[in-house]
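This report describes how the helices of one protein pack against each other and which residues lie between them. The sequence and the model are shown first.

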Amino acid sequence: MDIFQVKGIMMKMEKEKVKFSDQIRRAIENDEMSRYAISKATGISQGDLSNFVNGKKMISLRGLDKIAELLGLGVIKRERR
């Protein structure tokens, strides 16, 4: 995923008021890495990762940190409206 795709996704999500967990789900779905590769790199089981992406289960903050680091995700504070 290149910077223009990320910016496009972020702009769309900003308009939609998407939850943080949903943003991470979308990043996982849109990344070039497979869920298998993400699972192996983060130590999160494939089942737990799949359940998270499908909205059936949450992942611990430690797990979210690992995913964010692996995928190069960060938090950007935006102005309150």
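## Helix packing and the nonpolar core

In this predicted model, the axes of helix 2 and helix 4 approach to within 9 Å and cross at roughly 115°. On the side of helix 2, the contact is formed by Ser21, Ile24, Arg25, Ile28 and Glu29, and these meet Leu49, Phe52 and Val53 of helix 4. By character, the residues of this contact comprise five nonpolar, one polar and two charged.

A further helix pair is formed by helix 3, which spans residues 35-42, and helix 5, which spans residues 61-71; their axes come within 10 Å and cross at roughly 115°. The crossing of helix 3 and helix 5 is right-handed. Helix 3 contributes Ile38, Ala41 and Thr42, while helix 5 contributes Lys66, Ile67, Leu70 and Leu71. The residues of the contact of helix 3 with helix 5 divide into five nonpolar, one polar and one charged.

The table sets out the two helix pairs.

| Helix pair | Axes come within | Crossing angle | Residues in contact, by character |
|---|---|---|---|
| Helix 2 and helix 4 | 9 Å | roughly 115° | five nonpolar, one polar, two charged |
| Helix 3 and helix 5 | 10 Å | roughly 115° | five nonpolar, one polar, one charged |

These pairs belong to a protein with five helices and zero strands, in the order α-α-α-α-α along the sequence.

Which residues make up the largest nonpolar core? This core has 12 residues in all: Ile24, Ala27, Ile28, Ile38, Ile44, Leu49, Phe52, Val53, Ile59, Leu64, Ile67 and Leu71. At least two of its residues come from each of helix 2, helix 4 (46-53) and helix 5.

Several individual residues illustrate the packing. When residues up to four places away in sequence are not counted, Phe52 touches Ser21, Ile24, Arg25, Ile28, Lys57, Met58, Ile59 and Leu64. One of these partners, Ser21, is located in helix 2 (residues 20-30). Is Ser21 buried or exposed? Its relative accessibility is 16%, so Ser21 counts as buried. On the same basis of excluding residues up to four places away, Ser21 touches Phe52 and Met58.

Ile44, a member of the core, lies in the loop between helix 3 and helix 4. Ile44 is classed as buried because its relative accessible area is 9%. Leaving aside neighbours within four places in sequence, Ile44 is in contact with Ser39, Leu49, Ile59, Gly63 and Ile67. The C-alpha atoms of Ile44 and Ser60 are 9.8 Å apart, and the two residues are separated by 16 residues in sequence.

Lys66 is placed in helix 5 and takes part in the contact with helix 3. With a relative accessible area of 39%, Lys66 is partly exposed. The C-alpha atom of Lys66 is 8.7 Å from that of Gly43, a residue 23 places away along the chain.

For the protein as a whole, buried residues amount to 25% of the 81 residues. About 6200 Å² is exposed, of which carbon and sulfur atoms supply 52%. Among contacts with a sequence separation of 6 or more, 53% are between residues 24 or more positions apart.

Key. Residues are numbered from 1 along each chain as its sequence is written. This is a predicted model: local features need pLDDT of at least 70, side-chain atom pairs count only at pLDDT 80 or more; totals for chains, interfaces and linings use all residues. Side-chain values use heavy atoms; hydrogens and water are left out. Axes are lines fitted to C-alpha atoms, for helices over the stretch in contact, and angles run from 0 to 180 degrees between N-to-C directions. Helices (H or I, at least four residues) and strands (E, at least two) are DSSP runs, numbered from the N terminus. A crossing is left-handed if the near helix is turned anticlockwise from the far one by less than a right angle, and right-handed if clockwise. Contact means heavy atoms within 4.5 Å. Ala, Val, Leu, Ile, Met, Phe, Trp, Tyr, Cys and Pro count as nonpolar, Asp, Glu, Lys and Arg as charged, and the others, Gly among them, as polar. Buried means under 20% relative accessible area, exposed over 50%, partly exposed in between (1.4 Å probe, protein chains only). A nonpolar core is a set of buried Ala, Val, Leu, Ile, Met, Phe, Trp, Tyr and Cys residues joined through side-chain atoms within 4.5 Å. Accessible areas come from the Shrake-Rupley method with a 1.4 Å probe; for residues, only the protein chains shown count as cover.
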